[in-house]
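Please open the structure in your viewer and keep the sequence panel beside it. The stops below say what to select next and what is to be found there.

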Amino acid sequence: MSAPARSAASSGSMRRPGALPRAPSSHQRGYTLLEVIVAFALLAMALSLLLGTLSGATRQVRWSSDAGRAALYAQSLMDQVGVGQPLKPGQRSGEFENGRYRWTLGVAPWRDPMPASSQPIDPNAMRLFEVQLAVEWGEGGGGRRLLLRTLRSSAASNEVQF
């Protein structure tokens, strides 16, 4: 016998030509119907939890995007107040994106909460105005709201316009 034939014969790995594969033993069995149903029920619960989490995350991303846009619009409006035109007490409103974002801007003379001192006030001194901006967005009246407040100065000698 040659060396390769001897090693194959001694290892016992050679099958006889024409031999049939072994039949599965009788103690091997599949899953019962009850086990399959329980597995599907667990899978369905896990998927519903996952989808609920994903929809909540989508809602948060949408809210964050809307709030970011509202903040950008508000910053743009606040940057324009008192630029090009002197401040004047009053209120005005408008909208962005065809009414998706609505804003209201109010300007009022600022009142110092501290008691007035006995020293005279220079009539040519700068005047302070409180500027309040509200930006609302969302469907109907139950939407979100961003409120910004700041102080702006204006020269007393300017003709007061808004």
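Select Ser 154 to begin: with a relative accessible area of 6%, Ser 154 is buried, a class that covers residues under 20% relative accessible area, whereas exposed means over 50% and partly exposed lies in between, with a 1.4 Å probe and protein chains only. Ser 154 belongs to strand β4, which runs over residues 144-154; helices (H or I, at least four residues) and strands (E, at least two) are DSSP runs numbered from the N terminus. Leaving aside residues up to four places away in sequence, Ser 154 touches Leu 87, Met 126, Arg 127 and Phe 129, where contact means heavy atoms within 4.5 Å.

Before moving on, note that this is a predicted model, in which local features need pLDDT of at least 70 and side-chain atom pairs count only at pLDDT 80 or more, while totals for chains, interfaces and linings use all residues. Residues are numbered from 1 along each chain as its sequence is written, and side-chain values use heavy atoms, with hydrogens and water left out.

Staying with β4, select Arg 149 together with Glu 130, which form a salt bridge whose closest N and O atoms are 2.6 Å apart; the term stands for a side-chain nitrogen of Lys or Arg within 4 Å of a carboxyl oxygen of Asp or Glu. This pair links distant parts of the chain, since Glu 130 is in strand β3 and Arg 149 in strand β4, 19 residues apart. Arg 149 is exposed, with a relative accessible area of 58%. The structure holds six salt bridges, and further ones come up below.

Next, select helix α2, residues 33-80. At 1.5 Å a residue its 48 residues should span 70 Å, and the end C-alpha atoms are 71 Å apart, which agrees; the expected span is 1.5 Å times one less than the number of residues. Which residues of α2 are buried? They are Gly 56, Asp 66, Ala 67, Ala 70, Tyr 73, Ala 74, Leu 77 and Met 78, and the buried residues of α2 pack against β1, β2, β3 (127-137) and β4. After α2 comes Gly 82, with a positive phi near 80°.

For the surface, select Tyr 31, Val 36, Phe 40, Leu 43, Leu 47, Leu 50, Leu 51 and Leu 54, which form a nonpolar patch with about 860 Å² of accessible area together. Patches are made of residues with over 30% relative accessible area and no salt bridge, like charges being joined within 9 Å and nonpolar side chains (Val, Leu, Ile, Met, Phe, Trp, Tyr) within 5 Å; accessible areas come from the Shrake-Rupley method with a 1.4 Å probe, and for residues only the protein chains shown count as cover. Leu 50, one of these patch residues, is partly exposed at a relative accessible area of 46%.

Further along α2, select Arg 62 and Asp 66, whose side chains meet in a salt bridge (3.4 Å, N to O). Being four residues apart in the helix, Arg 62 and Asp 66 are separated by about one helical turn. Arg 62 is partly exposed at 49%, whereas Asp 66 is buried at 10%. Add Arg 69 and Glu 97, which form a salt bridge with the closest N and O atoms 2.5 Å apart; this pair again links distant parts of the chain, with Glu 97 in the loop between β1 and β2 and Arg 69 in helix α2, 28 residues apart. Arg 62, Asp 66, Arg 69, Glu 97 and Arg 100 are linked in a network of salt bridges.

Now turn to the loop between β1 (90-96) and β2 (101-109), where Glu 97 has its place. Most residues other than glycine have a negative phi, but the phi of Glu 97 is positive, near 50°, and that of Asn 98, in this loop too, is positive near 55°. Glu 97 is partly exposed at 29% relative accessibility, and Asn 98 is exposed at 80%.

Finally, select the aromatic rings, among which a search of the whole structure finds three pairs. Tyr 101 and Trp 137 form a tilted pair, 6.3 Å centre to centre with 40° between the planes; Tyr 101 is in strand β2 and Trp 137 in strand β3, 36 residues apart. Rings of Phe, Tyr and Trp (its six-membered ring) pair if their centres lie within 6.5 Å, with planes under 30 degrees apart counted as stacked, over 60 as edge-to-face and the rest as tilted. Tyr 101 is buried at 0% relative accessibility, and Trp 137 is buried at 6%. Add Tyr 73 and Phe 96 to the selection to see the cluster that ring pairs make of Tyr 73, Phe 96, Tyr 101 and Trp 137.
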